[in-house]
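Thanks for coming, everyone. Please take a moment with the sequence and the model on the screen, and then I will walk you through a few of its features.

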Amino acid sequence: VGFSLFFPLEPVSTPVIEKKPSYAVIEDKANVTWTCSVEKGTRVVFQWLRDNAALTPSKRYHFIQDNSTLLISPVRKEDKGIYRCAASNPVSQIRKSRGVELNVYCEYTSFSSACPSFIILPAPPKKVLNLS
């Protein structure tokens, strides 16, 4: 004799992003781990967006825990932008989180390749003519 359990689907609440670290990061030295969670909802499907474009896995973009967590490793300046997570399930339309901004800074050292390979120097002083 078999039996089956029926779990009713619960609509998804608005997702929230937990950002670690919560501050701006240094290019090529830091990783960012963001977790998307919902207070309510069953069988939730998560998706990540940067500047309203869907993100896909890559060498630096990793999605773990059923896509609820985004790991960017290492962070680069082209990763700057507004990130959102979207959550949905069969009984809910897609709900998007508030936008979270990623700021990436360059740390200049003479050995760093993370910064531009040029330096802008101040203009030379102008010659002053003495007409006396």
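Let me start with two cysteines, Cys36 and Cys85, both of which are buried, where buried means under 20% relative accessible area, exposed means over 50%, and partly exposed lies in between, with a 1.4 Å probe and protein chains only. Before I go on, please keep in mind that this is a predicted model, in which local features need pLDDT of at least 70 and side-chain atom pairs count only at pLDDT 80 or more, while totals for chains, interfaces and linings use all residues. Residues are numbered from 1 along each chain as its sequence is written, and side-chain values use heavy atoms, with hydrogens and water left out.

What joins Cys36 to Cys85? The link is a disulfide with an S to S distance of 2.0 Å, a disulfide being counted here when a pair of cysteine sulfur atoms lies within 2.5 Å, and a search of the whole structure finds one. The torsion about the S-S bond of Cys36 and Cys85 is about 60 degrees, so this disulfide is right-handed. Because Cys36 lies in strand 3 and Cys85 in strand 8, the pair ties together parts that are 49 residues apart in sequence; strands here are DSSP runs of E with at least two residues, helices are runs of H or I with at least four, and both are numbered from the N terminus.

Next to consider are the aromatic rings, of which the structure holds one pair. Trp34 and Tyr83 meet edge-to-face, at 4.8 Å centre to centre and with 85 degrees between the planes. For this, rings of Phe, Tyr and Trp (its six-membered ring) pair if their centres lie within 6.5 Å, and planes under 30 degrees apart count as stacked, over 60 as edge-to-face and the rest as tilted. Trp34 belongs to strand 3 (residues 32-37) and Tyr83 to strand 8 (residues 81-89), so this pair, too, ties together parts 49 residues apart in sequence. Trp34 counts as buried at 0% relative accessibility, and Tyr83 is buried with a relative accessible area of 0%.

Trp34 also leads us to the sheet, since in strand 3 it is the bridge partner of Lys19. Strand 1 and strand 3 pair in the antiparallel sense over five bridges, where pairing requires that DSSP finds at least two bridges between two strands. Four strands form this open, antiparallel sheet, in the order 1-3-7-6, and its edge strands, strand 1 (16-20) and strand 6 (61-64), each pair on one side only.
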